[in-house]
Amino acid sequence: MEKRRFEELNLSKELQMGISDMGFEEMTPIQAKAIPVVLEGKDIIGQAQTGTGKTASFGIPILELVDEDSIKIQALILCPTRELSIQVADEISKLGKYKEGIRVLAVYGGQPIERQIKALKKGGQIVVGTPGRVMDHMRRKTIRTGNIRMIVLDEADEMFDMGFRDDIEFVMQQLPAERQTIFFSATMPKEIIKFASKYQRDPEIIKVIPKELTVPRVEQAYFELDEHMKTEILSRLLDIYNPKLAIVFCNTKRKVDELVAQLQTRGYFADGLHGDLRQSQRDRVMAKFRTGSIDILVATDVAARGIDVDDIDLVINYDLPQDPEYYVHRIGRTARAGREGKAFSFIVGRDKNKLRDIQRYTNTKIARKDLPTLKDMEELSRVNILEKIKEEINKQDFGKYSKMVDLLIEEGFTSFDIAAVLLKFYMNENLNLKHRELDKVDFGRSQAKRSQEITRLYINIGSKSGIRERHILAALVKDGGVPKDRVGEIDIYDKFTFVDVDADSAKQLIKRLKRIKGRKVKVEVSNPRK
Ligand code: ADP
Ligand code: MG
């Protein structure tokens, strides 16, 4: 694809200066396609993967089109979270920093509304906010809509996923009919297309096709393992690759919570992000991740989407995503802004088929890697310790320890013997502490067990009977006697439920599990999923 420079857009000098200051030279594909159309005043639906520069795709035209001599609100941008609202407002302010008189305001839940009202009273051409809070301000008339000429729905798919539909509908209905309506989203489910057709006029649909989406600098690989080995292997990979910042993706909230607890127990600085957290909790986790007081973020797709952190050098698919498009979004979290990055995926049983889909979809080959062994780990520790010793020798700061060595030498021991003994002490202490957990994993057995298929069980009870995941899980563990970590996916439908377990547990459950939440149930092997 041909490269296009921002200069070609003939923007105002001040705006071009702001863009150059950001270090942007060429437009990203979505920017090259979208910016000229938005500048013309047309409605658009823009779809491109996370991290492809969608913010500037609407931010630049907005800065070009608003009238800085008026302080009335002329452009409104809706974002799914506080975090993203701040990020977008920040990026637009930076782009517009040489345009005098431009004010960008962010309004979101969680911050005292009075403070925002004060800021809004002073005026600003561009307001960025979460749907609920924007709606609040419209009701209070602290956001006046009469002069709004542009509305942007950023990460529209996520806002819909998060249940903001009614709020957004309210906001849309307050806006003048004469306006430009812009949608940006990483995916375009039918619901959004339908919503767009209600509020847009003859929109241009701009899509950056998936083939260009894969981030080429990311080294991709996969590991084949059993479900119960995942945390152990994850720990080993974290120790070996020692990432500056890592994101670990799980498919469910429950997994996120479990894994965070397991990693913390193992002494890692990890925390989790998922849709059930309150905004203030999310903010706290993100702040810790940004400042490096945690270096491992465990997240679900929805929670991690749109988060813009540049230094992530390792992405782990602890669970392989259902949708190949999500895979692309996930691995796009690393190798940003020209940095190096790695993306590793854990593959259990049936995931093999999903992996094939992903490779086809992304048009790349994902290499299989051998699982890191205990030997690899010891080798790694040895290398690390030798490095540390060399570093210390170079510092030549031995203090009272040199006297202790002198004593031994006077007694006739060689420095070689002394050093070897100390090293032995040190290695035993450290390796034992650090890899205490490792010894519990019997690798040989696990490898052999890999051939054991996961069994999908059918249970004739579902959400219509008030059944929730926790009821199923409690029954499997307490009544069925199956360890929690043997239980895989639980899919609850209206009248029945599917549960993934290993073959042994399946047999046991069919025999033992007679009731769930007091109701009689039948458990049987379901037909394998296609
Ligand atoms: P998206 O909204 O598509 O997920 P962002 O707008 O958050 O992506 O952009 C991701 C990162 O890329 C940001 O750090 C942004 O500053 C940077 N970026 C955007 N456009 C360009 C460009 N043309 N050249 C270089 N970096 C860019
Ligand atoms: Mg974005």
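The paragraphs below look at the surroundings of ligand 1 and then at two pairs of packed helices, in a model that is predicted.

A good place to begin is the shell of 15 residues around ligand 1, of which Glu26, Gln31, Gly51, Lys54 and Thr55 come nearest. Sorted by character, the residues of this shell comprise eight that are polar, five that are charged and two that are nonpolar. Several polar contacts can be followed from one residue to the next along the chain: a polar backbone atom of glycine 53 is 3.1 Å from an oxygen atom of ligand 1, while lysine 54 brings a polar side-chain atom to 2.9 Å from an oxygen atom of the ligand. At threonine 55, a polar side-chain atom lies 2.7 Å from an oxygen atom of ligand 1. Taken on its own, ligand 1 has 560 Å² of accessible area, and the protein covers 82% of that area.

From the ligand we can turn to the helices. Two packed helices are described by the angle between their axes together with the distance between those axes. The pair to consider here is helix H8, which spans residues 165-174, and helix H9, which spans residues 190-199; these pack at an angle of about 15°, and their axes are 12 Å apart. Because angles under 35 degrees count as roughly parallel, H8 and H9 are therefore roughly parallel to each other. The crossing in which H8 passes H9 is right-handed.

Another pair is formed by helix H10, made of residues 230-241, and helix H16, made of residues 374-395, whose axes come within 10 Å and cross at roughly 30°. That angle makes H10 roughly parallel to H16. As for the sense of the crossing, H10 passes H16 in a left-handed manner, whereas the crossing of H8 and H9 is right-handed.

Terms used
Residues are numbered from 1 along each chain as its sequence is written. Chains are lettered from A and ligands numbered from 1 in the order in which they are written. This is a predicted model: local features need pLDDT of at least 70, side-chain atom pairs count only at pLDDT 80 or more; totals for chains, interfaces and linings use all residues. Side-chain values use heavy atoms; hydrogens and water are left out. A residue is near a molecule or strand if one of its heavy atoms lies within 4 Å of it. A polar contact is a pair of N or O atoms within 3.5 Å; within protein, one must be able to donate a hydrogen and the other to accept it, and residues adjacent in sequence count only if both atoms are side-chain atoms. Accessible areas come from the Shrake-Rupley method with a 1.4 Å probe; for residues, only the protein chains shown count as cover. Ala, Val, Leu, Ile, Met, Phe, Trp, Tyr, Cys and Pro count as nonpolar, Asp, Glu, Lys and Arg as charged, and the others, Gly among them, as polar. Axes are lines fitted to C-alpha atoms, for helices over the stretch in contact, and angles run from 0 to 180 degrees between N-to-C directions. Helices (H or I, at least four residues) and strands (E, at least two) are DSSP runs, numbered from the N terminus. Angles under 35 degrees count as roughly parallel, over 145 as roughly antiparallel, 65 to 115 as roughly perpendicular and the rest as oblique. A crossing is left-handed if the near helix is turned anticlockwise from the far one by less than a right angle, and right-handed if clockwise.
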